[in-house]
Amino acid sequence: MLNISEIRAQFPLLSRQIHKKRLIYLDNCATTQKPICVIECMKNYYTDLNSNVHRGVHYLSQEGTSAFESAREVVQQFIGAQQTHEIIFTKGTTESINLVAQSFGEKFVNPGDEILISTMEHHANIVPWQMLCQRKAAKLNIIPMSDQGELDETALDKLLTPKTKILALAHVSNVLGTINPIKRIIKLAHAKGIRVLIDGAQAVSHIPVNVQDLDCDFYCFSGHKMYAPMGVGVLYGKEALLNAMPPYQTGGEMIKNVSFETSTFNELPFKFEAGTPAVPEVLALKAAILFMQNIGIENMAIYENSLYTEAFEKLQDLGGIEFIGTAKEKAAVLSFNIKGVHPYDVGVILDQLGIAVRTGHHCAQPLMDRCHIPGTVRACFAIYNTSEEINIFIEGLKKAKEMLS
């Protein structure tokens, strides 16, 4: 049985007051709050260990390098990668996708080829592929979805053509909460020789992920959505593919030899980690993973889904609510609108009551266009949220509805 009070006590920011009201933080899809173990990890690096990694023979550099590479091992085990050198540290999901779009695209995409994404993608999994298509005279194809927010798998099968070089797909939609059947989709794509990138930004803190079991070619995620700091993320790639791809950025660390005539590149993973890495952030990512593993990802998912179900049922009772995304398989993401009311206005009133939700298009404008709406109110639940907070949230919505309807 989870002790939520003990878990909440590990998050200092949750004790804040906003507009003289107790903070109710429900913006967890955008970023999660950070536990003390993560905050202390960052602090301890700068007070006890600060040095550049991989480049020095002195004690601090050697100690820092050992700590940095141990974090890579933890990430490898966390997502079930076969090799530690298949784990590339990046600034986050956005940089990871851009890395693949630039590097894989440079090597494997040619004029007339096709890239496949879905209607429900975040802008970070749309724009890099658009730009790749522009550079390479390729075509961007889109998988449609149902009104419930589920991918049209019949259309998907037809869109997986001999010209398709890569399919890039969200594991979990940041707007709809839809959990896509990625293992089945990856199998379909691979049967036609198509590579697959999975955007796992909204998945890794809610769903156990094993990249070998999924058999994806690339998987990426951000630290700040899983209780770790901002500015750090991960790209997993299959070893053979990463070896075949050219570097994304150049400079220090990613080289083996440099002369004015030519340069040779470092081995994996360093070929894709140019420059000084975000060392304290990487160490704190390890701390966040250990924090989640101590609770248990499955336990977190069960608890968060119970909060989602409670909130969904109470919103239904409230009346006048339009839900956006009602897929059968969902994470604890609740997107909705009050009929006749702009989501921004709802967000402003909730903020005055100390309730933090996200409003707007959530970096998914094509999805909003598909749903014929300007945006939504989005509440996302994390391990530190409570049933009591849901009640306060519902009361806040009642007040907003009375004021705005």
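The following exercises, each with a worked solution, concern a predicted model.

**Exercise 1. The setting of Asn-337**

Determine in which strand Asn-337 lies, whether Asn-337 is buried or exposed, and which backbone oxygen lies 2.9 Å from a polar atom of its side chain.

Solution.
- Step 1: Asn-337 belongs to strand β14, which covers residues 333-338.
- Step 2: The relative accessibility of Asn-337 is 5%. Buried means under 20%, so Asn-337 counts as buried.
- Step 3: A polar atom of the Asn-337 side chain lies 2.9 Å from the backbone oxygen of Gly-375.
- Step 4: Leaving aside residues up to four places away in sequence, Asn-337 touches Gly-320, Ile-321, Glu-322, Pro-343, Ile-373, Gly-375, Thr-376 and Val-377. Gly-375 thus appears both in this contact list and as the owner of the backbone oxygen in Step 3.

**Exercise 2. The span and covering of helix α10**

Test whether the distance between the end C-alpha atoms of helix α10 agrees with the span expected at 1.5 Å a residue.

Solution.
- Step 1: Helix α10 comprises 17 residues, 279-295.
- Step 2: The expected span is 1.5 Å times one less than the number of residues, so helix α10 should span 24 Å.
- Step 3: The end C-alpha atoms of α10 are 25 Å apart, which agrees with the expectation.
- Step 4: As for covering, 13 of the 17 residues of α10 are buried.
- Step 5: Gly-296 follows α10 and has a positive phi, near 105°.

**Exercise 3. The sheet containing β4**

State the strand order of the open sheet of 7 strands, and identify its edge strands.

Solution.
- Step 1: The order is β4-β10-β9-β8-β7-β5-β6, and the pairing is mixed.
- Step 2: β4 (87-90) and β6 (139-143) each pair on one side only, and these are the edge strands.
- Step 3: On average, neighbouring strands of this sheet are turned by 20° against each other, direction ignored.
- Step 4: β4 pairs with strand β10 (residues 233-237) in the antiparallel sense over 4 bridges. Within β10, Tyr-236 is the bridge partner of Ile-87.
- Step 5: Helix α3 (residues 59-79) lies across β4, β9 (218-222) and β10, and runs at about 115° to β4.

**Exercise 4. The nonpolar cores**

Identify which residues have the most contacts inside the largest nonpolar core.

Solution.
- Step 1: The largest nonpolar core has 110 residues, and those with the most contacts inside it are Tyr-219, Tyr-227, Phe-381, Phe-393 and Leu-397.
- Step 2: α10 gives the most to this core, with 11 residues.
- Step 3: Apart from this core lies another, of 25 residues, including Ile-88, Leu-99, Ala-101 and Val-109.

Methods: Residues are numbered from 1 along each chain as its sequence is written. This is a predicted model: local features need pLDDT of at least 70, side-chain atom pairs count only at pLDDT 80 or more; totals for chains, interfaces and linings use all residues. Side-chain values use heavy atoms; hydrogens and water are left out. Helices (H or I, at least four residues) and strands (E, at least two) are DSSP runs, numbered from the N terminus. Buried means under 20% relative accessible area, exposed over 50%, partly exposed in between (1.4 Å probe, protein chains only). A polar contact is a pair of N or O atoms within 3.5 Å; within protein, one must be able to donate a hydrogen and the other to accept it, and residues adjacent in sequence count only if both atoms are side-chain atoms. Contact means heavy atoms within 4.5 Å. Two strands pair if DSSP finds at least two bridges between them. Axes are lines fitted to C-alpha atoms, for helices over the stretch in contact, and angles run from 0 to 180 degrees between N-to-C directions. A nonpolar core is a set of buried Ala, Val, Leu, Ile, Met, Phe, Trp, Tyr and Cys residues joined through side-chain atoms within 4.5 Å.
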